[in-house]
Each structure stands twice: as structure tokens, then as C-alpha cells.
Amino acid sequence: MSTMNLDHFVVLSAILFTIGSIGFLVRRNVIVTLMSIEIMLNAVNLALVAFNRAHPANYSGQIFTFFVIAAEAAEVAIGLAIVLAMFRLHRTIRTDDATLLKN
Amino acid sequence: MELAAFFPNNNFSLIGVILALPLIGAFINGVWGARLGKPAVRLMALSSVGLSFIASLFAFCALHRASEALGHGEHQGAARLSWLAWEWMHTNGGQFLQTVPVELKFSIDALSGVMMLVVTGVGFLIHLYATSYMANDPGFARFFAYLNLFVFSMLVLILGDNLPVLFIGWEGVGLCSYLLIGFWFDKTENASAGKKAFIANRIGDFGLLCAMFLLASSTGALDWAGIARGAVSLVNPSEGAQIHIWPIANAHYTGWLQFLQPTHPITITAATAVGLALLLGCTGKSAQLPLYVWLPDAMAGPTPVSALIHAATMVTAGVYLICRLSFVFVLSPAVMALVACIGIATALLAASIALVQNDIKKVLAYSTVSQLGFMFLGVGVGAFVAGFFHVFTHAFFKACLFLGAGSVIHAMHSRVHDDVASQDMRNMGGLRKYMPITFWTFVAATAAIIGFPFTSGFFSKDEILFKAFVNHSVSPYKTELAARGVEVWEAPTWFGPMLYTLGVIAATMTAFYMVRALVLTFFGEFRGWSIGRASEAQHGHDLESAEKAGHVHGHGHVHGSEAHDDLTLPGDAPHESPWAITLPLVVLGAAALFAGVLNMAPFHFEPLGHWLDPVFEQALHGSVELRGGAEHAEALMWPLAGGGVAAFFVGTALAYWVYVMRNGEPAHRLATALPRVYRFLVDKWRVDEFYNATIIATTEALATMANAFDKWVVDGILAKLTALIVAGFGSFLRAFQNGVVNTYAAFMVVGGAAIGWFMIVPHPEVVIKAEGAAQMVEATTGPGYTYRWDADGDGLIDDEQFSDRSKVTVQVEPGAKKTIRLEVKNAFGITRSKEIQIAGPDAPAVQMGLANAAQ
């Protein structure tokens, strides 16, 4: 099997991103929505690392990935807290019911 | 003397004291007056004006000494005490665009010194009077705050050393006049009378402002001395120094406006323009035609205000300004003639209206307008001393008349309890018996105004009439201008005798209406018994007031609704006023009789005239020719005085015959015989109606149009339509803001996909820059873009490979067109291409340019 080139990584990243965004759009469970966001972010991370491997002059791609992971962690922490608060308020975690701002 | 060391002539800071005292009084009474209580307000008001009067006396003595020090030479110049507070600002103007400083500077010279004494002296007496007259008014402190502020503003007007400072005072007295006319503002007519005065004055102020601009640009100065120095440039006959009346600002009309372009521009000299503009200002402030209409209405204010502001001081500001800038007015004989014409026309008009008025204050108001007309006549014929002397004597006798009328109204009011009825002379009569001091002082002042021989009014009015006959205004630069072929308009020879004749007629009418007022008020039987009923039985507070003489009713009380069921019930008789009212009357009455000794022209005893000579020296230098020479004019002095005396005798005798011997019956017969004339006079020549129908109707039509424009165009189209569009967009966009997270997520994804698609596809766009015949075509950049071109327009791509070459230079012949092609490949290997048409330089335009250059 020939070595994996950049195209494979980019295609995989694109597939992951598409799965994530479709999940983000169609699922109504907040936990699943958060997971979909994670998948999209990781697709981006994969692309960044792959491009860094193809252009190894510096490590900006990998360093950028770490930043994305840190931001992800913070986002998940806040996101889960919001999910908890929402559950306490509505006894549900479906996004359809999060319509307090509607009126 | 030590005082002189403290106050040198060029830094005479005592002026600051004279000015500051009334201002402090106004401030304290205005801010803390209500809490201080009436005795403290009275003390504050009286002491500030009284001390200001004493300081004025000191200043006048210092001025006299300074003038003595200058000696009595032919050209000793005017003694002047000046005080520079600070430099306010400066501007540029004049022939060489020099700096024109505008300083907050005050000065006392012979003219302003006399005026200052009159204002503070008469002002103090009227303040004293008002402390009693206004004693029961709830707005006591407010009244004295305004009155003190008025004295301050009037002093600024008089003592200002330049036009801008005078203008501050000019506006200040206008403001105080407005505030005091509308002092009882809860009545609509009082408030609208105040507004009328303010607006009429504002029209005049426009003229004064224009005059200031013209003077600054023509003479390069705004202070009196500077204007006097630069005055000669006002008569410069050269084209550039003239004021263009039409076309305005020397504009040039072309095209369809061609018909507006005159063959020769219509110009007047700067002197005439300045004179006309100043005259407009003076007619507003001094209640002359065409702006006199505010003064009769101004009688809505309290009587002391009518005496101080609308008789003795403020309304003479216009005459003062003409005297002050006499050297500007004399440069244009046409303006001088116009001043005289306005004066005599106003005197006649107002006197004819005063003949038939029944309200005692209205008679005095029209009498004031008429006397101001005499003053304008005086200064308009170049008799500045006579005109100013009439200001001086008028201040005494008219203040005395108004205060006497106030005393009468006060006595009537405590009986009649009606503001209108207590001013109506038909309800008076026989008051001589009840109010002897008021009666005798009123007689003294009436004697002065009707020109009883050897009273003050006799001397001032006769001198005006005499000068109106003999004086003939000419341009002081007549010979110089004639040498340059410029002719200056001069009044025809019949002008002086005409003014004299009309003046005598006006004086006759004055005698008639004043004697009529005197007779109706003080002689015969008291007619007030049947107007109001005895009130002390019904009103406890009136019983009280009857006991303490000197009660003044708060005019805010409304008594008109009382039932007049028993009209014949004899009640409380009218009574004399307390000392605070009678003392000013006695002082002013005495001054009205004897102030004439200061300037007895027929006896060649003229201390005031000599005192004022230096002020008018420049103005009178070559500007007045005496009809038939000096000796001839001198010989005419006594015969012409006969006209004034005859006016007095005829007017008085006629009034005596009509109102004493026949008890007013001939007047009634005449009124019924000529009903239309009578109505016309009672309706005040219907001038107000005329103004309503013309100027005010035009203004209102304009306002209606502006209102419609505002309503339909600004509100309807600009505001409502804009709001509708924004609201429409809002409703549309609101549909997307539905608060459902999934929808937002969907929009986000769609937007992200759109941006992604935009990034994936390359965009061949170019920017073309012309550099002469060559044109630089530059492709826009993008992620990983590489380019290849067909730059020569042969339809074939030039290069096999894509490269970084983003710019090409293309040569296109003038008038020709070329089609080039660009292909762009991006990082994803997708290619797009674009055809670009490049036009050459505009060929015909170039040829035109060449043709023009050849010509």
C-alpha cells in the first residue's frame, strides 16, 4: 500500500466535517449536537496537522491544533453547564424546546 | 483733588461702579428677592440705583473738570473719561483690512454724561415711586430685579464706547422692556403686547446690525472716535466704495435671469446705506413710523415701567444713537431729510390718534410717540442740541405725566376695582379736589409738554421748530464731491417751511389733547361714583386699605365679576397717594417747569448747548446751512417762536372751549357729524389692521406653507416613508430571528457553505489603469491563484503554463478596441476564464483638444 498522501487526509477531514455538520443540523439532542461540533472541530484539527506534515517548515499547524483543543475543552465545559441548566429548567435537553428567546 | 488721582481720564474705573451697582441689585433681587422680603428688596433696589446716581454725579463733576482743563478753544475736542474693561474680540475691516478691535470699553463724554444723569436720576425717582405703587404686588422682587436690570442695560447702552457694546445695552433694554410689559403675564393681552414690542424691536435691531457690518467694513472701526476718523471714507464716490442695492452684492445674472440685470447697477453711498440701516434701528427702539405700533400696546405694563422705559429713557435711545453718530448721518442729506420726515409724520399721526383716546395711558403713550417724532424732527434737521434737549426735558415732563397718571389710576382702582375702567378718563373728573399734589404736578408737566411759555417744553420744542425752519442740510464734502462731478441730493427750499408748518400743527394737537386729558381727569364733577359701587361694606380688605392711605391694589386681583347692582351708592372718595408717590411727582414737576433754563436759545443763555458743542462739532462742521444767512436766521428766532406760542394758545383755548365751557358737547357733535373720520382715529388709523393684512398675513402664509412642507414632505416622505422602508425590512428579517437554535445553525451552515464555494471557485477579475497609450491590466489575487493571459488579443493563450504573472500591459490605438483573455487557476486546480474589452483613448476628444490648442 502506497504511503498516504495529503489528499487522503484532506478527504477524510472533509468527510468528518460533513458528518459533523449534518449531525449538528438534524439532531435535536443537545448532547449529540455538542458531539457533532466536536467532530467538526476534530476534522479541522486533522486538516491542520496534515497540512503541517506536508509543509514542515514550522509547527504553526500543530500549535494551532493545541489552541483549538483548548478552546474545545472550554466550549464543552460551558456547553455541558448550559445543558445542565437547561435540563433543570425544562426537564428536557431537546433544542426544539430551547425557545425562551423567541418572543 | 485726590479723587482725580484715583480715576485718571483714560482709566476711569468709577464707570464700573456706576454700572455694577444696578447689576448687583438686579442679581440679588432676582436670586434671593423672594426670600429677602419686601423691605430688603426695597432697600436693595433703591440703594443700588441711588448710589449709582451719586457715582454718576461724581463722574459728571470729574467730566466737567476734565472739560475745564481742556479749555474753551475753538477746537478743544470733547472731554472724555473712558474705562476699558477688557478686549472682547477683534475682526478685520476698512480700506486696508486693518484690525478692528471690539473692546468692552465704556466712556463718558458730554452727551452720555447728561444722559447718564437722566437715567440714574429719573430712574431713582421712579424706583422710589414703584416701591409704593407695586407694594402689594406678589411679584415685587421680580419687578425690581427687572427694573434694576433695565437701569444697568440702559447705562451700558449710553456709556458703551463702541457700537457692539451699545448693542449689548440696546438688546438688554429690549429684553427688560419685554419682561416688564408682560410683567402680569397671566393676562394674554399683556403677554402678546410684550411679544409685539420684542418683535418690532427685533426688526429694528436687524438694521442696527447691518449698520455695524457696513461701518466695520467701510470705516474700519466700531468705536465712536474711530468711526469719526474714518467717516470720510463713507462718502467715497468711487465704484468700489459704493453699496450696491441692485444687483445684490454685485452679482451677475445670466441665462433666464437676464431680465434682472440692470443696465447700470443701482448704488448708494456707504453713508446713505449706514444712515438708512441705523435709522431702521432707531425707528424700532424709538417707536417711529413704521415700527411705532409696539409702544401704545406697551402700556400693558405697570405704570412706573411706562414712565421709566416707555417715556423717559429707553425710547429715547434711538435719538441718542442719532446724536451719537451725528457725524455719520450728516454725510447724507437724504437720510437727514428722511429722519426729519419720519419724525414729523410720526408726530402728526400719533397726535391725531391721541385726540380721541379715552384711556389716560393710551393718550400719554401716543403723546410719547408724537414727542419722539419731534425729537427725530430736531435731529433730522441737524439741530442735534435741540433734539437732545427735548429728550432731556421730555424725560422730566413725560415721566411726571405717567407717574401722575399712575397715581390717578391707583386712586381710581381702589374705588373702581377694574383695570380698564380705572384708566378710562370718562370715569374720572374732579380729581383736583381729592388729589391736589397729583393735580398740580400734572398741571406743571402738562404746561411743559404743551409749550406754556418759559417752561422746559417751550424752549426745547420751539428750538426744534425754529431749526426745522431755518436749517438746510448739505453734504459737508459738497465742494470736494462737486469737483469730482458728483452731485449730492439736497432737500428743496420748501422743505424747511413745510416741516415748520406741520410741526406747529402737531404742537397744536398736542396742546389740545393734553388739555383735554387734564380737564377730563381733574376738572368738573367726579364721574366715578356711578361706575363702581362702594366696596368697603362688602370687602374687609378694602376697608383696611381705605384706612391706610397709600394702598395699591395688586393688579392681579380680578374684581370685574362683582355685581354692580347699586350704582349710585356713594362710596369711598379717591384719595391722595402716599409720599413715596408724590415726592417723585413734585421733583419731576419742578424739573418739568424749570429745566428749560439750561438751554434758553431765544435769550442766548445756552449752558447745555455749549456743554454739548464739542460732541456735535464734527457733525455740524459744514453740514448745515442757515436759510438766508446767519443774521437773517437770528432775526427769525422770535417771530418763529410765535408759531409755537400760537399752537399752545389755539390748542389750549380750543380744548378749554370744548371740554370746560361746553362740557365736551362740540366734540360729540363733531364725532357724530364725521363718524368715519372719528372711527378712523379711534381705530388708530387702522395701522395694526393694515400690518395684520399685509406683513403678518404674508408671514403667516409663509409659515403655513412651511408647516405644510414640514407635514407632508419632511414628516410624510422623509420621516414616514423612511420609517416604513426600515420597518418593512425589519419585519422581513424578523422572520429569521425566530429564537430557534436549529434554524440559526442551519443558516450558519448554509452561509459557511456559500463562503466555501466562493473560495473553491477562482474569480478572474481585473483592474485597468491607463498610463498614456499603454493600459495596465492587473488581475485580482486569491488563494493559490496562478494566471495565464492572451494579452495580444489574437484569441490564443500566450503561455502554456500558469504562472504568477498577474499584470500585463496592453497597447491600444486611439479609437480602437481590443479583447484580451485571462485564465485563472486556483489551489484546487479549478480554472475559470474571462474576456476583457479594452477601449483605446477617446479619439474625438483628443482631436477637439488639439483643435482648441491650435486656436
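Colleague: Which share of the contacts in chain B, counting those with a separation of 6 or more, is made by residues 24 or more positions apart?

Modeller: In this predicted model, residues that lie 24 or more positions apart account for 77% of the contacts in chain B with a separation of 6 or more. For chain A, where contacts between residues at least 6 apart in sequence are considered, 50% join residues at least 24 apart.

Colleague: What makes you call chain B spread out or compact?

Modeller: The radius of gyration of chain B is 39 Å, whereas the globule rule gives 29 Å for its 855 residues, and because the value is well over that figure, chain B is more spread out than a compact globule. Its C-alpha atoms fill a box of roughly 130 × 80 × 70 Å along the principal axes, and the chain holds 30 helices and twelve strands. The domain assignment divides chain B into domain 1 (2-555 + 579-682) and domain 2 (761-854), with 85 Å between the C-alpha centres of these two domains.

Colleague: How does the radius of gyration of chain A stand beside that of a compact globule of 103 residues?

Modeller: Such a globule would have a radius of gyration near 13 Å, but chain A has 17 Å. The C-alpha atoms of chain A fill a box of roughly 55 × 25 × 25 Å, taken along the principal axes. Chain A has three helices and zero strands, and 16% of its 103 residues count as buried, while in chain B buried residues make up 46% of the 855.

Colleague: How do you know whether helix 6 of chain B has the span that its number of residues should give?

Modeller: Helix 6 (residues 163-181) of chain B has 19 residues, which at 1.5 Å a residue should span 27 Å, and the C-alpha atoms at its ends are 26 Å apart, so the span agrees with the expected one. Helix 19 (residues 456-470) of chain B can be set against the rule in a similar way, since this helix of 15 residues reaches 22 Å from its first C-alpha to its last, close to the 21 Å expected.

Colleague: What makes helix 6 of chain B count as enclosed or open?

Modeller: A residue is buried if 20 or more other C-beta atoms lie within 10 Å of its own, and 15 of the 19 residues of helix 6 of chain B are buried, so this helix is largely enclosed by the rest of the structure. Helix 19 of chain B is mostly covered as well, with 15 of its 15 residues buried.

Colleague: Why is B:Ala317 called buried or exposed?

Modeller: B:Ala317 has 25 other C-beta atoms within 10 Å, and because the cut-off for a buried residue is 20 or more, B:Ala317 is called buried. This residue is found in helix 12 (residues 317-324) of chain B, and, leaving aside residues up to four places away in sequence, B:Ala317 touches B:Leu157, B:Trp170, B:Val173, B:Lys285 and B:Ser286.

Colleague: Why is A:Arg91 called exposed or buried, and what is its phi?

Modeller: A residue is exposed if 12 or fewer other C-beta atoms lie within 10 Å of its own, and A:Arg91 has 8, so A:Arg91 is exposed. Its phi is near 55°, a positive value in a residue other than glycine, and its place is in the segment after helix 3 (60-90) of chain A. B:Asn663 has 12 other C-beta atoms within 10 Å, and therefore B:Asn663 also counts as exposed; its phi is positive too, about 60°, although it is not a glycine.

Colleague: What makes the peptide bond from B:Leu289 to B:Pro290 cis or trans?

Modeller: The omega of this bond is near 0°, and the bond is cis. B:Pro290 has its place in the loop between helix 9 (270-285) and helix 10 (294-297) of chain B. Most peptide bonds are trans.

Colleague: What is the confidence over residues 532-569 of chain B?

Modeller: Over residues 532-569 of chain B the pLDDT stays under 50, although the model has 54 contacts for them beyond four places in sequence. Where pLDDT is low, the predicted coordinates should not be read in detail. For chain B as a whole the mean pLDDT is 85, and 91% of its residues reach 70 or more.

Colleague: How many residues does each chain bring to the contact between them?

Modeller: Chain A brings eight residues and chain B brings eight residues. On the side of chain A that touches chain B there are four nonpolar, three polar and one charged residues. The predictor gives the complex an ipTM of 0.79 and a pTM of 0.75.

Notes: Residues numbered from 1 in each chain as written. Chains lettered and ligands numbered in written order. Predicted model: local features only at pLDDT ≥ 70, side-chain atom pairs only at ≥ 80, totals over all residues. Contact = placed C-beta atoms within 7 Å. Nonpolar A, V, L, I, M, F, W, Y, C, P; charged D, E, K, R; others polar. pLDDT = per-residue confidence, 0-100. Helix = DSSP H or I, 4+ residues; strand = E, 2+ residues; numbered from the N terminus. Expected span 1.5 Å × (residues − 1). Rg over C-alpha atoms; globule rule 2.2 N^0.38 Å. Domains from an automatic or database assignment.
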